[in-house]
Amino acid sequence: MSLEQHNIEDLILLCKQKNQKAQCEIYNRYAKAMYNVSYRIVKDAHFAEDVMQEGFLKAFNKINDFKEEVAFGAWLKRIIVNGSIDFYKKNNLFKVEDFNAALHKTEDVILNDTDDNNFNELKVKQILETINSLKYNYRMVLTLFYIEGYDSEEISEILNISYANCRTTLSRAKDCLRKKLEEL
């Protein structure tokens, strides 16, 4: 049976045995999604590619640490998100280009947090610019929450902060975003 027909659990077992073909198959299955995750945080195609590949290398080196408590894709995504955040912190390359598609999905969620119908007329670009004008920790929690779809508990683990701190930061970030949007 070819590796393309193996389920992910079988491929993980082969990866634990250092099977490079299994690693290649996992890479082929997850590369596009993990690139997109990295790109949404890093905002540069070349750097996102580098971060994604480094994430895969780290995952394959730490594959024995994968205990199947979560889905493999979620475990890998956590590695990619952490790598992307670390890269951002080192290089401060957060930009708004090409964020539009992801924010179109979340625009209603952001705007539905308020009762003011005037927000319904805001354009995605204005929202992106406003998010980008927020301080780093607000930008990051809003991105992880609205764009990546993580909940507060997952965000607290990713950012290595307490759950209470995460919820407080998320609440303050939403309030700050709302206030800045009202000024437009």
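The expected span of a helix is 1.5 Å times one less than its number of residues. This rule gives a friendly way into the structure, which is a predicted model. Helix α3 has 17 residues and should therefore span 24 Å, and the distance between its end C-alpha atoms is 24 Å, in agreement with that expectation. At the N-terminal end of α3, aspartate 44 acts as a cap, with a side-chain oxygen placed 3.1 Å from the backbone nitrogen of histidine 46. Further along α3, the buried residues are Ala48, Val51, Met52, Gly55, Phe56, Ala59 and Phe60. Among the elements that cover these buried residues are α1, α2 and α4.

Helix α2 offers a residue to look at in this setting, since serine 38 is found there. Serine 38 has a relative accessible area of 0%, below the 20% limit, and so counts as buried. Leaving aside neighbours within four places in sequence, serine 38 is in contact with Lys43, Ala48, Val51, Met52, Ile80 and Ser84. Of these contacts, Ala48, Val51 and Met52 are buried residues of α3.

The nonpolar interior comes next. The largest nonpolar core has 44 residues, and those with the most contacts inside it are Ile26, Phe56, Phe72 and Leu144. Two or more residues come from each of α1 (8-16), α2 (20-42), α3, α4, α6 (124-133), α7 (136-147), α8 (152-159) and α9 (163-183). The greatest share is that of α4, which gives 8 residues. Leucine 144 shows what such a position looks like from close up: beyond its neighbours within four places in sequence, leucine 144 is in contact with Ile41, Val81, Ile85, Gly149, Tyr150, Ile155, Ile158 and Leu159.

Aromatic rings add another layer to the picture, with 10 aromatic pairs in the structure. In one of them, phenylalanine 47 and phenylalanine 87 have ring centres 5.0 Å apart and planes at 40 degrees, so the pair is tilted. Phenylalanine 47 belongs to α3 (residues 45-61) and phenylalanine 87 to α4 (residues 72-91), so this pair ties together parts that are 40 residues apart in sequence. The two partners fall into separate classes of accessibility: phenylalanine 47, at 34%, counts as partly exposed, whereas phenylalanine 87, at 17%, counts as buried. A second pair joins phenylalanine 145 and tyrosine 146, whose ring centres are 5.0 Å apart and whose planes meet at 80 degrees, so this pair is edge-to-face. Here phenylalanine 145 is partly exposed at 25% relative accessibility, while tyrosine 146 is buried at 8%. Elsewhere, ring pairs link Tyr30, Phe66, Phe72 and Trp75 into a cluster; Phe72 also appears among the core residues with the most contacts.

Rings can also have a charge as a partner. The charged end of lysine 77 sits over the ring of tyrosine 150, at 5.1 Å from its centre. In a second case, the charged end of lysine 135 is placed over the ring of tyrosine 138, at 4.8 Å from its centre.

A final view is from helix α9, where leucine 170 is found. Leucine 170 is buried, with a relative accessible area of 5%. Although leucine 170 and valine 141 are 29 residues apart in sequence, their C-alpha atoms are 6.0 Å apart in space. Not counting residues up to four places away in sequence, leucine 170 touches Val141, Leu142, Phe145 and Ser152. One of these, Phe145, is the ring partner of tyrosine 146 described above.

Terms used: Residues are numbered from 1 along each chain as its sequence is written. This is a predicted model: local features need pLDDT of at least 70, side-chain atom pairs count only at pLDDT 80 or more; totals for chains, interfaces and linings use all residues. Side-chain values use heavy atoms; hydrogens and water are left out. Rings of Phe, Tyr and Trp (its six-membered ring) pair if their centres lie within 6.5 Å; planes under 30 degrees apart count as stacked, over 60 as edge-to-face and the rest as tilted. Helices (H or I, at least four residues) and strands (E, at least two) are DSSP runs, numbered from the N terminus. Buried means under 20% relative accessible area, exposed over 50%, partly exposed in between (1.4 Å probe, protein chains only). A charge sits over a ring if NZ of Lys or CZ of Arg is within 6 Å of the ring centre and within 35 degrees of the ring normal. A nonpolar core is a set of buried Ala, Val, Leu, Ile, Met, Phe, Trp, Tyr and Cys residues joined through side-chain atoms within 4.5 Å. Contact means heavy atoms within 4.5 Å. A polar contact is a pair of N or O atoms within 3.5 Å; within protein, one must be able to donate a hydrogen and the other to accept it, and residues adjacent in sequence count only if both atoms are side-chain atoms.
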